[in-house]
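Welcome, and thank you for joining this short tour. Please have your viewer ready, and select things as we go.

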Amino acid sequence: MNLESSINKTRADFRTTVLAYLEVTKPRSVVLLVFTALATMVVAGAINGPVSLSQLITATVAVTLACAGANAVSCYVDRDLDASMIRTRKRPIPDGRINPPVRALYWGLFLFVSSLILGWTVNPIAFACLWGGMIGYVGIYSLWLKRRSSWNIILGGFSGGLPALFGWTAVTGKVDLLPLLIAALVVLWIPNHIWSLAIFYRDDYARVKVPMLPVVCEAKKALHCLLSTVILMVLFSILIYFAGSWGTIYIMTAILTGLAAIGLSTYVYLRPTPQNAWLLFKFSSPYLFLLFLGMMVDAWL
Ligand code: HEM
Ligand SMILES: CC(C)=CCC/C(C)=C/CC/C(C)=C/COP(=O)(O)OP(=O)(O)O
């Protein structure tokens, strides 16, 4: 191989490696997780006084590193499942782009420790939220419940609300009722987010013996639970309106997206095809994004 082609190969290999270490952090989920934190930072700033740009940047980088690190550690923990599931077997660890797999663990721990260092400069409560997210997701969900209980995402799901709580505490240095309700909204969003996916990938989860609810009970009962959590989630999004000093933008967003969520979940309940379940899964993230965007814009104006 001549010098030029070996340089091109080295460049291509470097690019593949960089992309693999990005992919192992599950960046799409990190974007929405961080957005929930950013939204609560803006809301907290609107209520408790302006946030400096440096404070906003520091907190955003910290929660980004924490979520990315938690996801990378989770990919290491679940490397056996990922290698066996159709949905995940092309991920960087199972397909060998990160080898040995322990490198993903070191990478995730490096990202998480970096987030803790930044988090400590923000304030101790925000620092604690980062710890809570890692312990909740990797400890309670990935290591303890995911493979043992069909309620894994209920107890493990609390970690999903911690980025939103982090955002508020990063600005105010304390916990209030409103951010707890907002965090609880994310937790209530998780069942429809993951159970809709688990209905679509039911056989995949069954083969690796991960007892997601749609795997251990028939689809109709799982959909009944899913629809109930969606109704509860929408009611919660309306309750948040009364718990904060929101305007028309937020309440209209909550009502319109809530009607769409209940409508789609009811449709999937009545026509429980895998394709409809997938549609509900793909709708779940835009729903949460729009709700938090409504909060952010309402607080801004
Ligand atoms: C215990 C809690 C959670 C579980 C078990 C879970 C599970 C999953 C799974 C299995 C996927 C599909 C990944 C793939 O196949 O590529 C996914 C995607 C995703 N998750 Fe979650 N998730 C949880 C919490 C959250 C939270 C709290 C957020 C954000 C606030 C979030 C945001 C996303 C996003 C944005 C995607 C990509 C969706 C898409 O591709 O349309 N997840 N999640
Ligand atoms: C503050 C802080 C660190 C909070 C942590 C928040 C966090 C990372 C929540 C988990 C989000 C997520 C994409 C879970 C995937 O579940 P899974 O592992 O079952 O998905 P998979 O089957 O696709 O791997």
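## First stop: serine 150

Start by selecting serine 150 and the residues it touches: Pro211, Met212, Leu213 and Val216, leaving aside residues up to four places away in sequence. Keep in mind as you look that this is a predicted model.

Now colour by secondary structure and find where serine 150 sits: the loop between α6 and α7, with α7 covering residues 152–155. Is serine 150 buried or exposed? Serine 150 counts as buried because its relative accessible area is 16%, and the cut-off for buried is under 20%.

## Second stop: ligand 2

Next, select ligand 2 and show the residues around it. You should find 17 of them, and the closest are Lys26, Arg87, Arg91, Tyr137 and Tyr141.

Three of these are good to look at one by one:

- Select lysine 26: an N or O atom of its side chain is 2.9 Å from an oxygen atom of ligand 2.
- Select arginine 87: here a polar side-chain atom and an oxygen atom of ligand 2 are 2.7 Å apart.
- Select tyrosine 137: its side chain has an N or O atom 2.8 Å from an oxygen atom of ligand 2.

Switch on a surface for the protein and see how much of the ligand is hidden. On its own, ligand 2 has 640 Å² of accessible area, and the protein covers 88% of that.

Which elements give two or more residues to this shell? Highlight α2 (27–48), α3 (53–77), α6 (124–145) and α8 (158–172) to see them. Of the shell, the largest share comes from α6, with 5 residues. If you colour the shell by residue class, you will get 7 nonpolar, 5 polar and 5 charged residues.

## Last stop: the whole chain

Zoom out and show the protein chain as a cartoon. How many helices and strands does it have? There are 14 helices and 0 strands, so the pattern along the sequence is α repeated from start to end.

Turn the chain around to get a feel for its extent: the C-alpha atoms fill a box of roughly 65 × 50 × 35 Å along the principal axes. The radius of gyration is 20 Å, which agrees with the value near 19 Å for a compact globule of 301 residues.

Finally, colour by accessibility. Buried residues make up 50% of the 301 in the chain. The accessible surface comes to about 14100 Å², and 70% of it belongs to carbon and sulfur atoms.

How values were computed:
Residues are numbered from 1 along each chain as its sequence is written. Chains are lettered from A and ligands numbered from 1 in the order in which they are written. This is a predicted model: local features need pLDDT of at least 70, side-chain atom pairs count only at pLDDT 80 or more; totals for chains, interfaces and linings use all residues. Side-chain values use heavy atoms; hydrogens and water are left out. A residue is near a molecule or strand if one of its heavy atoms lies within 4 Å of it. A polar contact is a pair of N or O atoms within 3.5 Å; within protein, one must be able to donate a hydrogen and the other to accept it, and residues adjacent in sequence count only if both atoms are side-chain atoms. Accessible areas come from the Shrake-Rupley method with a 1.4 Å probe; for residues, only the protein chains shown count as cover. Helices (H or I, at least four residues) and strands (E, at least two) are DSSP runs, numbered from the N terminus. Ala, Val, Leu, Ile, Met, Phe, Trp, Tyr, Cys and Pro count as nonpolar, Asp, Glu, Lys and Arg as charged, and the others, Gly among them, as polar. Buried means under 20% relative accessible area, exposed over 50%, partly exposed in between (1.4 Å probe, protein chains only). Contact means heavy atoms within 4.5 Å. The radius of gyration is taken over C-alpha atoms; the globule rule is 2.2 Å times the number of residues to the power 0.38.
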